[in-house]
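Visitor: I'm new to this one. Could you take me in for a close look at a single part, the place where the chains meet?

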Amino acid sequence: MLKSARNFLQKRRAEQALDEELRSCVDLLTEEKMQRGVGQAEARRQALIELGGVEQVKEEVRAVRGLPFLEAMIRDVRFGLRNLVRAPGFTVAVILTLGLALGANAAVFALLDRLVLRPLPVKEPAALVIVSAPPIPTRSRLTVMFVTRGGVKGVSYPLYVALRDRLNVFEGMLAEFHVTATVLAGGEPFMAGGVVATDNYFEALGVRPVLGRVFGPGEDRAHGHSPVVVISHGLWQRQFGGDRSILNKTIRLNQLPMTVIGVTPPGFTGTVAGDTSDFFTLLSARDKLIGSRFRYDSPDFNIYKLVARLAPGVAQEQAEHVADGVYRQLLADAVGDGARTEKSRARFASQHLTLSPGGYASNDQSALGRDLKTPLQLLMAMVSLVLIVAAGNVGNLFLARGEARARETAIRFALGSTRWRVLRQSLLESLMLALGAGLFGLLLAHWTSSLAPVLLDVETLPEGVTSAPDHRAGAVTLGLALVAGLVIWAASAVHAVRRGSSCSLIQQVKIAGRRPGFHWRRVLVAAQIALSIVLLCASAVLSRSLIKLMRVDTGFPVENLYSFSLNPGQAGYGSSQSGAFLLSVLDRLSRIPGVASASITSQLPLSAGGSGGFVIADATDAPHEVGADIIAEVGAGYFRSLGMPVVAGREFTSDDGTGSLKVALLNESLARLLFDHSNPLGRRVGFQGGPPDMQVVGIVKDTRSNSRAAVRPSLFRPYNFKEPPNNQAAFVVRVARSGSLSSDAVRTVVRGIDPAVAVTEFTSMTERTSRLLYRDRMLASVSLCFAALAAILCGIGIFGLTSFSVAHRSQEIGLRIALGATRGSIQWLVMREVSWLAAAGCAGGLVAFITFNRVLSSVLFQLTPDDPASLVVGALVLGGTAFAAGFLPAWRAARLDPAFILRQE
Amino acid sequence: MPESKTDLLRGTLDLLILKALSLEPLHGVGIARRISQMTGGAFRVSFGSLFPALHRMEERGWVSADWRSSENNRRAKYYRLTALGQKRAEAEERDWNRLVQLMTAAMRYADPETEEG
């Protein structure tokens, strides 16, 4: 708009200047005549005659001056648009084909960008690193360790302080922990995720508030004040309508009153993509916020995530080396005090502090980003192949149209159009189509973004994670569209011009009736077949891997089993009240009609995370520690409810845990680690640092928490109703064979005891197991969609090429029929061409797939990417597609009427 | 006014304009007068070809123009030769001289033949 306005002004100025020049010219001439003694009026008349008419001269000058660049551009664009409108079938086909592929690219890129590529909205995200360090041993009996799915190990507060105070390779280092809490702010209470962090959190990240203030250095130690909280921009908008008077108001988190001091900038939701944080408060408030048997600064509470900002000029490796040195010193000091076995010394000797990049959405803390990084990258690669196949189709359409327009092009050359003009015009048309397709694709991606959670198989995506394209995805998509447009143009137009400019009009018109460029079109289609084969094989191997995963036995029957969670602590219950509450829930649950049994646990099976610790046995030689990945508290009848077999001994009864005798159950893996093959029943185990004081009363069968993962060594203790772990509990309910359990039934039961306690995570165990495979299901289903799309595009390409070939060989075919060729032999004539194409494409595609399929290895289960069955399936599907696409033109060719065809000649 | 209306060869006009401007900047009328003066009144340039030629040369950067007062205190658009135009003038002149030489030689060669025949 602005450009065209400027262009218009330029034109006006040039016109005015010309006007003025001619006027001064007339004046000069008039003066000249008057000096010779002619009267003024006559002199002026003669001057005008000599000039030859002002308007005529102007017209001549205008013709010479040429159009300004932009004006020429606008004229070409108009001409191009007219051309496209004149061929609506072509235009729609191109925009649909390319638009579909670009839309898929936009959606996958938007997800990949939000979960993996995008830097966090903080100051200089590239300088942020995540610090991970195994716990430093203490003499206490129970330690808590938090390990994210990305492998980042939680750090205790004392270790954090020690590292922070000793290291100068970092500009700042913060400790944080993600929590969820019930927020009460006037209206209905709701659950929100948040962060408890050290007071330098915002300073280290370089995040400034949009309203109020954030907490600053020293604030964590300022006791006696009411705790302060900073809320996210999203929460401020959603819950408080962006009301600025929110400052200094009090909201309640888990019943704890907190003063709102500020609002974070929009887009900032903490350091972890996928774990949306809506409130930010200080570490010292944690103990009041969440009841726990550990103080926040306990050395056994290894749960904090450490994020540090590298000092200017310090490389990550260098910082890691220095920080690891300090950590090893701290570790050596701690290991030194206390009798340790050789084995445990060796284990500590292998412990290291590590750093990993923290400034990007896919940092090692983000479970979702971590889980989906490889799958999304794979999908991005696949969807770009789909785009190439689509571009191949469009290129073919352009070539076919070039043939059809050969006459027009020839006439344009004959009329004196330059090669550059013709090329420019076709480039403009290609780019206009590509941009149109890009915009259409973005619209498609926008409309279908609500489908993303279905494809990803998560109920709701975290805030800010969607496949709807934003400005970044939009720019990338339009960029891709332009590149596609350029490539298509280069492949089709150059060919047309090379031919066009070297021939006379007569030759040109003749050639238009033959089939030049046909070879080039065949190469395009063969390439499409090859790429489609790659996609088909990839999706076949991913699907087979998924089928294998779904067949894995979890170790207990998941049918007719339900689970849900309660958190009485968040409704204000103290430990002892909680226990009574949970007991009465259990009691009423088992009285729901159809319920066979119900029990309670601190950790559900098949969950990814979990807390563990080190376990020792009463072995006669020096006790050695064994890492138990899971240490859970479970109620009476827990294993019976799950259907998890107790292979030796017994499971807990309601009497266990109440008397003075401490008891424990081990799973087979842990029992083997602690006691080798000797009978563990009756032996004693304990936690590291304490005496082995728990008697092993039973052994349960190994189960897999995740079909892909190894069995995790587990220790079970009786559920402690006097002091429920973390003041929360999960329930397992088994119903009779034919029955089912509704969430309403459970909610009614819980509401009957206390309506303030919310039932969360109600789900059937079948759903839980299948949800664990969401990543594999997404990969298989989305790649299948892409492969199908590519195969369809490829089929269209083959169909178009074969139809074209039949149309141009119609005279030859007619002659053959007239000379007695059978229909079968004519069909074979056409199909032979298709078969060659398919065979060449298949061979190329299979070679390409076998060369590059290593990238799939990491996501496959019990399958190599060379899986022969998948290769065969891929080749067969494409062979079938090629056959189907070639059959119709072949059938038509065989039914040509020779008399009609030959008469046309 | 007895004026011969020699039809200017294409390209000749450009050379004449460049030559006319090689001495001093001139306005449109000045250029027309200078050309007829240079050719002893043989060529009379029409403004219908002069102005288009000037604008084309301006677009190509051979001449540049600015407004100043004429000798009679009238404002007029004066054209001057640019460095590029200077080079162009030299090249065109060389070409022209070569053409004239070749043509002259050709005429001389052809003359005896016609006489003999």
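Guide: Here is a walk along the side of chain A that touches chain B. This is a predicted model, so to speak of local features we need pLDDT of at least 70, and side-chain atom pairs count only at pLDDT 80 or more, while totals for chains, interfaces and linings use all residues. Residues are numbered from 1 along each chain as its sequence is written, chains are lettered from A in the order in which they are written, and side-chain values use heavy atoms, with hydrogens and water left out.

Let's start with who touches whom: 20 residues of chain B are in contact with 22 residues of chain A (contact means heavy atoms within 4.5 Å). Between them the two chains bury about 1,900 Å², with 58% of it on carbon and sulfur atoms; that buried area is the accessible area (1.4 Å probe) lost on putting the two parts together, summed over both.

Now for the charges. Four salt bridges are counted between chain A and chain B, each being a side-chain nitrogen of Lys or Arg within 4 Å of a carboxyl oxygen of Asp or Glu. One salt bridge joins the side chains of A:Glu32 and B:Arg33, at 2.6 Å from N to O.

Which elements of chain A give two or more residues to this side? They are α1 (2–35), α2 (40–51) and α3 (54–65), where helices are DSSP runs (H or I, at least four residues) numbered from the N terminus. α1(A) gives the most, with 14 residues. By type, this side of chain A has ten nonpolar, ten charged and two polar residues, with Asp, Glu, Lys and Arg counting as charged, Ala, Val, Leu, Ile, Met, Phe, Trp, Tyr, Cys and Pro as nonpolar, and the others, Gly among them, as polar.
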